[in-house]
Amino acid sequence: MTVHPTLQPYADAWTHSTEAISELVKPLVEGEWNRATPCPGWSVRDIVSHVIGMEDEMLGNPRPIHTLPRDLFHVRSEFARYMEVQVDVRRHHTGPEMTAELEYTLIRRARQIRNETRAPDTRVRAPLGAEQSLEVAYRMRAFDLWVHEQDLRAALGVPGNLDSPGALVARDIFLEVLPKTVAKDAGAPPNSAVVIDVHGPVEFLRTVRVDADGRGSVDGAPSLGPAVALSLDWETYVRLACGRVRPAAVADRVKAEGDPALADAILANFAVTP
């Protein structure tokens with residue numbers, strides 16, 4: 001148990017996903033490390049490299065000094081370049097090297113989490129030299145690990161944990177950005193409502209309401225006359241929200257009613273991860 005209960009749900013989700021990732025990659029033979037994942041440009045090895053690198057940074061260790069090659073076409077932003085360094089530096093590591101470093105890093109991180117005494121509002125390092133609160137850092141690591149656990153499961157053909165503690169952290173993060181997606185990014189008109197109905201291992205119904213000034217908010221009450229109503233399963237929601245699939249590729253799994261142009265605009269702006 002951590003000192004601060006607000007951190008505990010994220011610590012639990014972190015533990016659940018790191019244990020799952022360790023179990024997934026432990027039996028892999030060399031060729032399986034090169035399997036492509038739904039995460040653009042990243043293989044199984046790359047996902048695990050990213051996990052190792054980010055957890056190593058949470059331990060306070062310095063980032064590797066490494067120059068990226070110029071032909072990484074999936075690297076299109078400074079944020080992506082930042083994330084790619086920890087990945088590219090391990091691209092020639094063998095499977096046993098990967099699993100050994102992963103195990104060593106996660107053991108140290110688990111010990112750090114068990115002994116956590118810092119307050120949730122303590123400022124810690126964030127990507128690109130920024131700072132964030134410890135609570136945000138814990139939350140984002142829990143989210144990131146669950147998403148990448150799902151990437152590994154998809155690549156290796158081992159589905160599962162769609163309703164794990166990490167899934168609930170992801171759900172809450174997705175719901176926080178829905179008002180911006182609908183009101184600002186998709187341009188839903190003032191005084192309108194959009195209903196999102198999700199079924200499957202994680203279920204919820206939320207209404208995004210756009211006020212007269214074009215600002216969005218989200219609540220759990222249904223709307224009787226929404227401009228758009230979207231119904232989809234949780235796994236499809238995750239894949240869209242994480243940018244793992246284009247809307248056209250899962251059109252048969254999304255039921256859209258109402259204004260078709262607005263529905264298309266919402267789905268086109270659905271991805272929340274960089």
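Val272 lies in the segment that follows helix α8 (260-268). In this predicted model, Val272 is partly exposed, with a relative accessible area of 30%. The chain that holds this residue contains 8 helices and 7 strands, and two of its helix pairs are described below.

**Surroundings of Val272**

- Leaving aside residues up to four places away in sequence, Val272 touches Phe174, Val177 and Ala241.
- Val272 and Ile173 are separated by 99 residues in sequence, yet their C-alpha atoms are 9.1 Å apart in space.
- The relative accessible area of 30% for Val272 falls between the 20% limit for buried and the 50% limit for exposed residues, and Val272 is therefore classed as partly exposed.

**Helices α5 and α6**

- Helix α5 spans residues 134-156 and helix α6 spans residues 165-185; their axes come within 9 Å and cross at roughly 110°.
- Because angles of 65 to 115 degrees count as roughly perpendicular, α5 and α6 are roughly perpendicular to each other.
- On the α5 side, the contact is made by Arg139, Met140, Ala142, Phe143 and Trp146.
- On the α6 side, the contributing residues are Gly166, Ala167, Val169, Ala170, Asp172, Ile173, Phe174 and Glu176.
- By class, this contact of α5 with α6 comprises 9 nonpolar, 1 polar and 3 charged residues.
- Phe174, one of the α6 residues in this contact, is also among the residues touched by Val272.

**Helices α1 and α4**

- The axes of helix α1 (residues 8-25) and helix α4 (residues 95-114) come within 11 Å, with a crossing angle of roughly 165°.
- That angle makes α1 roughly antiparallel to α4, since angles over 145 degrees are assigned to this category.
- The crossing of α1 past α4 is left-handed.
- From α1, the residues Ala11, Trp14, Thr18, Ile21, Ser22 and Val25 take part in the contact.
- Their partners in α4 are Thr99, Leu102, Leu106, Arg109, Ala110 and Ile113.
- The contact of α1 with α4 divides into 8 nonpolar, 3 polar and 1 charged residues.

**The chain as a whole**

- The radius of gyration of the chain is 20 Å, which agrees with the value near 19 Å expected for a compact globule of 274 residues.
- The C-alpha trace spans about 55 × 40 × 35 Å along its principal axes.
- Of the 274 residues, 47% count as buried.
- Among contacts between residues at least 6 apart in sequence, 65% join residues at least 24 apart.

Methods. Residues numbered from 1 in each chain as written. Predicted model: local features only at pLDDT ≥ 70, side-chain atom pairs only at ≥ 80, totals over all residues. Heavy atoms only, no water. Axes fitted to C-alpha atoms, helices over the stretch in contact; angles between N-to-C directions. Helix = DSSP H or I, 4+ residues; strand = E, 2+ residues; numbered from the N terminus. Parallel < 35°, antiparallel > 145°, perpendicular 65-115°, else oblique. Left-handed = near helix turned anticlockwise from the far one by under 90°. Contact = heavy atoms within 4.5 Å. Nonpolar A, V, L, I, M, F, W, Y, C, P; charged D, E, K, R; others polar. Rg over C-alpha atoms; globule rule 2.2 N^0.38 Å. Buried < 20%, exposed > 50% of the residue type's maximum accessible area, 1.4 Å probe, protein only.
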